[in-house]
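Welcome! Please have a look at the model below, and then we can go through it together in questions and answers.

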Amino acid sequence: MENKFDLLILGSGSTAFAAALRAAELGKTAAMTEMRTLGGTCVNRGCLPSKNLIEAARIVWESAHPRYKGLTPAKMNFDFGELNAQKQEVVRSYRDKKYQSLVYEEDKIKVFEGKAELLDAHTVRVGGSILSGDQILVATGTRPTIPKIEGLDQVSYLTSDLLTTGEIQELKELPESMIIIGAGYIALELGQMFQRFGTRVTIVERSQVILPTYEPEVSDALTFALRQEGLKIVTEAQVIRVAQKSDNEIEVTARIGGKEQAFTAQKLLVATGREPNTNDIGLDKVGVQVDERGYVKVNDELQTNIPNIWAAGDVIGSQTNSQPATPVGAHDGVIVAKNALAGAHQKVDHRVIPRTIFTDPQVAVVGQTDEEVVGSGLRCWCGTIPLELVPRAGATHQTNGIAKIVIDRDTQEVKGVSLVMPNAGEVIHEAAMAMRFHAKLEDYIDMIHVYPTMAEALKIAAISYFKDPAKLSCCAE
Ligand SMILES: Cc1cc2nc3c(=O)[nH]c(=O)nc-3n(C[C@H](O)[C@H](O)[C@H](O)COP(=O)(O)OP(=O)(O)OC[C@H]3O[C@@H](n4cnc5c(N)ncnc54)[C@H](O)[C@@H]3O)c2cc1C
């Protein structure tokens, strides 16, 4: 039967692709389904377009704000339309190379366009086709959450989908001003990017701080850096109403300290988190269990309560201590293919997942926070150093930031690292690899680090357990 597959996948994002490719390597057939654009969120409207434009904004910003005395600020002219067009080209070319061509070259993998819905534990309807799968993988990802705010359904607003190509929300012109509701990683990355391009950005957040689940030192350091660039960050502000004042003006009213305060801007970006694409895909018909927020429940082999149905990627939320990030989904998609098709019984290992927020300075974290380590009942020690103590940071005038290291005081094992610094997303891999092998504080100190690098921050933070890190010789000895 033409529409019968060994592995039938709902979705075509990074998770789905990794699973389909591994299925083909195992000599099995696979089908993916997609109701938007092949490749999913990361390549089309997430990681790739955002990182492309964030870097362009950095170049514009740095030329206007040189860090060195002796360099004259220069206003770089730019054309947002052309920047957008090159972004689309990068997305298209990457999608062709890393997604589309892989499917065309592989006769064991098919793609069906349309919204997929489970009819029973082995059958999926997509568009006009009925597909049958021996094993099923749910990899439908997430979509922006739209909070219930009075008036929101009456105004035109943006979500992180503004980075798409060819879809209705694509932002083609640079706004003069923007209010962003939310202060998670997407809000901060895009907020700084727009501010650097010249948009006046106001971030309105209901928590006490930005990034409330991160270490407080991280929130503080990043808040300082962003405010220095002119971003307006308003915290403890509960948005209660929005209204379209004119074609070019949206008013957002928030309650702050018991009083109402109104903010106006040309555009509104709602970045209040994401929710799983699970509500209307037939999971209830088949009896697949989801948690209270709609994320698919899985065991540590990524199997749902229905034995031939599996789930991975963003759609499982924090089940099995997972994190919503592309490499996690891709890694776990492979595990599903091996478990579902080859009986591998491989368990996921989500103990060490390094993560990065691509602001400037970047934020990168791995492992647990101070509070989490204490909460797990361990005796904890943490060392935080300001970036001023890192020779590289001083040499290049990039001293905004911190490095924090959290250890189990009894075993000296490093349990978590948080960094706010240029290239934190690269440096964090040292800590991640070290955590994989349960490295202790002494390992960070003993290892010779390249001088002068940002990675020395890890060594200096570790040394601060024993002595004053301000009194070290040049190479942190
Ligand atoms: C602005 C932004 C920036 C990001 N930056 C990064 C980053 O720098 N690094 C990083 O690691 N992660 C980043 N992410 C997160 C990353 O994009 C996701 O973690 C990743 O895409 C998840 O992959 P997935 O395959 O699980 O789901 P997705 O990529 O979301 O794929 C799921 C696909 O399923 C489709 N679908 C849903 N329901 C159905 C249905 N019923 N029928 C058919 N198709 C369906 C969807 O249209 C979607 O294309 C970013 C996300 C955003 C929004």
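**A tour in questions and answers**

Q: In which helix does V334 lie?
A: Before we start, note that this is a predicted model, where local features need pLDDT of at least 70, side-chain atom pairs count only at pLDDT 80 or more, and totals for chains, interfaces and linings use all residues. Residues are numbered from 1 along each chain as its sequence is written, and side-chain values use heavy atoms, with hydrogens and water left out. Helices (H or I, at least four residues) and strands (E, at least two) are DSSP runs, numbered from the N terminus. V334 lies in helix α8.

Q: Is V334 buried or exposed?
A: Buried means under 20% relative accessible area and exposed over 50%, with partly exposed in between (1.4 Å probe, protein chains only). V334 has a relative accessibility of 18%, so V334 counts as buried.

Q: What distance separates the C-alpha atoms of V334 and R22?
A: Contact here means heavy atoms within 4.5 Å. Not counting residues up to four places away in sequence, V334 touches A18, A19 and R22. V334 and R22 are 312 residues apart along the chain, yet their C-alpha atoms are separated by 5.9 Å.

Q: Which helix gives the most to the largest nonpolar core?
A: A nonpolar core is a set of buried Ala, Val, Leu, Ile, Met, Phe, Trp, Tyr and Cys residues joined through side-chain atoms within 4.5 Å. The largest one has 48 residues, and those with the most contacts inside it are L7, I9, M32, L137, V138 and L302. With six residues, the biggest contribution to this core comes from helix α1 (residues 14–25).

Q: How many residues does another core, among them L83 and I357, have?
A: This core lies apart from the largest one. Its members include L83, A183, L188 and I357, and its size is 38 residues.

Q: Which residues of α1's stretch and beyond is L7 in contact with, leaving aside neighbours within four places in sequence?
A: L7 is among the residues with the most contacts inside the largest core. Leaving aside those neighbours, its contacts are A19, A23, T29, A30, A31, Q135, I136, L137 and L341.

Q: Which residues come nearest to the ligand?
A: A residue is near a molecule or strand if one of its heavy atoms lies within 4 Å of it. There are 36 residues around the ligand, and those that come nearest are E34, T41, K51, A116 and D314.

Q: Which element supplies the largest share of the shell around the ligand?
A: Elements that each supply at least two residues of this shell are α1, β2 (30–34), α2 (40–45), α3 (47–64), α5 (185–197) and α8 (326–342). The largest share, four residues, comes from α2.

Q: How many residues of the shell around the ligand are charged?
A: Ala, Val, Leu, Ile, Met, Phe, Trp, Tyr, Cys and Pro count as nonpolar, Asp, Glu, Lys and Arg as charged, and the others, Gly among them, as polar. The shell has twelve nonpolar and 17 polar residues, while the charged ones number seven.

Q: How much of the ligand's accessible area does the protein cover?
A: For polar contacts with the ligand, pairs of N or O atoms within 3.5 Å count. A backbone N or O atom of S14 lies 3.2 Å from an oxygen atom of the ligand, a polar side-chain atom of R45 lies 3.4 Å from an oxygen atom, and one of Y185 lies 3.3 Å from a nitrogen atom. Of the 1,000 Å² of accessible area that the ligand has on its own (Shrake-Rupley method, 1.4 Å probe), the protein covers 95%.

Q: Which residues does G294 touch, not counting residues up to four places away in sequence?
A: G294 is found in the loop between α7 (283–286) and β16 (309–311). G294 is buried, because its relative accessible area is 14%. Under that count, G294 touches P276 and T278.

Q: What is the relative accessible area of N321?
A: N321 is found in the loop between β16 and α8. Its phi is near 60 degrees, a positive value in a residue other than glycine. N321 counts as exposed, because its relative accessible area is 61%.

Q: What is omega for the cis peptide bond that joins Y451 and P452?
A: P452 lies in the loop between α12 (441–446) and α13 (456–463). The bond that joins Y451 and P452 is cis, and omega is about -10 degrees.

How values were computed. Polar contact = N/O pair within 3.5 Å; in protein donor to acceptor, adjacent residues only side chain to side chain.
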